[in-house]
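Visitor: Please choose one part of this structure and examine it closely with me. I would be grateful if each term could be explained when it is first used.
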Amino acid sequence: MPLPLPRFGAILLTMNDRPEDFPRALDSLLAQQDVELEIVVVGNGVVPEQVPDGIRTVTLGENVGIPEGRNIGARALVTDPDLLFFFDNDAVLPETDTLARLAERLDSHPRHGYIQPRIADPTTGATVRRWVPRLRVADVERSGAVTVMAEGVVVIRRDVFERSGGWPGHFFLYHEGIDLAWRIWNLGYTGYYAPDLIVHHPATDPARHSRYYRLVARNRVWLAIRLLPLPLIPVYLTTWVLLSLVRIHSPKALRTWFSGLREGLTGGWGPRTPLRWRTVLRLTRAGRPPVV
């Protein structure tokens, strides 16, 4: 008797602002072989356009942000898939067996809670720093356990996702992948980076968004207060203030960053569920202590 096919639920968000990229992303999903696949497209403040018949859509009356949009998409699945695939709407799966191979890797390692392929620009082939889910990024083709994730192209076990509480919806944008990855590690699972499996994604600059510096700073504070043991919170925040002072050269951008820092410190981070010290040790042994 043949083995059952891996069951995927794929979630894409749209604001109808990528009329060329979005159909390519959907076409590459629909071309996947040797998997059972349900796709949900969430219109973040819009009625989704360019969606083929047979694909479930969800229309939100306002833009609730990327992480909450993904949570809503995951809840809208009806086929009870084993694996969730969160997929940016300007990404493309260049091979028809990518999802099947990702599922095979997870099946071989029961303690991997999520797996991320290597994301590469379709024109240059480059994998930018923020897409490599570890501190040392010189060798983008080195596989292994990872403690964070690139949120836009990642496969997560559905039961692990639900037990972790899902994406931090109130973050709106930025750093939600660190928050979710740490909570998955706190359940006793790990993440895995599979660089031989490649997904295409244009290498855009995240700072192009007007809210980038404010939300990055605010969400760093929220991440620390939500998840770190109390003694580590000032260490983490001091580290990121110093790094930001070095990295941000524009006085205007730096002022915006500090406004986000103040916003984060005033509240809004949600319930505190700090990592166990055992998890802190595991993250450290995996190459990224949760203070950097």
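The answer begins with one strand and then moves outward to its sheet, the helices and three single residues.

Guide: This is a predicted model, in which local features need pLDDT of at least 70, side-chain atom pairs count only at pLDDT 80 or more, and totals for chains, interfaces and linings use all residues. Residues are numbered from 1 along each chain as its sequence is written, and side-chain values use heavy atoms, with hydrogens and water left out.

Our part is strand S7, residues 153-157. Helices (H or I, at least four residues) and strands (E, at least two) are DSSP runs numbered from the N terminus. How many of the residues of S7 are buried? Five of its five residues are buried, and the strand is mostly covered. Buried means under 20% relative accessible area, exposed means over 50%, and partly exposed lies in between (1.4 Å probe, protein chains only). Val153, Val155 and Arg157 point one way from S7, while Val154 and Ile156 point the other way.

Let us turn to the partners of the strand. Two strands pair if DSSP finds at least two bridges between them. Strand S4 (residues 83-87) is antiparallel to S7, and five bridges join the two. Among the bridge partners, Leu83 is matched with Arg157 in S7, and Leu84 is matched with Ile156. Strand S5 (residues 112-120) is also antiparallel to S7, with two bridges between them. Here Tyr114 stands opposite Ile156.

These pairings belong to an open sheet of eight strands with mixed pairing, whose order is S3-S2-S1-S4-S7-S5-S8-S6. Strands S3 (56-59) and S6 (144-146) are the edge strands, each of them pairing on one side only. From one strand to the next, the twist averages 30 degrees.

A helix covers part of this sheet. Helix H5 (residues 176-186) lies across S5, S6, S7 and strand S8 (190-200), and H5 runs at about 145 degrees to S5. Such angles run from 0 to 180 degrees between N-to-C directions, and the axes are lines fitted to C-alpha atoms, for helices over the stretch in contact.

From H5 we can move to its neighbour. Two packed helices are described by the angle between their axes and the distance between the axes. H5 and H6 pack at about 15 degrees, and their axes are 10 Å apart. H5 is therefore roughly parallel to H6; angles under 35 degrees count as roughly parallel, over 145 as roughly antiparallel, 65 to 115 as roughly perpendicular and the rest as oblique. The crossing of H5 and H6 is right-handed: the near helix is turned clockwise from the far one by less than a right angle, whereas anticlockwise would make a crossing left-handed. On the H5 side the contact is made by Ile178, Asp179, Trp182 and Arg183, and on the H6 side by Arg220, Leu223, Arg226 and Leu227. Contact means heavy atoms within 4.5 Å. By class, these residues are four nonpolar, no polar and four charged. Ala, Val, Leu, Ile, Met, Phe, Trp, Tyr, Cys and Pro count as nonpolar, Asp, Glu, Lys and Arg as charged, and the others, Gly among them, as polar.

Helix H6 (residues 212-227) also meets helix H7 (residues 233-247), where the axes come within 9 Å and cross at roughly 160 degrees. H6 and H7 are therefore roughly antiparallel to each other, and their crossing is right-handed. Arg220, Val221, Leu223, Ala224 and Ile225 of H6 meet Ile233, Tyr236, Leu237 and Trp240 of H7. This contact has eight nonpolar, no polar and one charged residues.

Three single residues complete the picture. Arg226 lies in helix H6 and is buried, because its relative accessible area is 8%. Setting aside residues up to four places away in sequence, Arg226 touches ten residues' worth of surroundings that include Asp179, Arg183 and Trp269. Leu232, in the loop between H6 and H7, counts as buried at 14% relative accessibility. With the same exclusion, Leu232 touches Trp277, Val280 and Val291. The C-alpha atoms of Leu232 and Pro290 are separated by 8.2 Å, although these residues are 58 apart along the chain.

Pro110 brings us back to our strand. Pro110 sits in the loop between helix H3 (98-108) and S5. Is Pro110 buried or exposed? Pro110 is exposed, with a relative accessible area of 56%. Leaving aside neighbours within four places in sequence, Pro110 is in contact with Tyr189 and with Arg157, one of the buried residues of S7.
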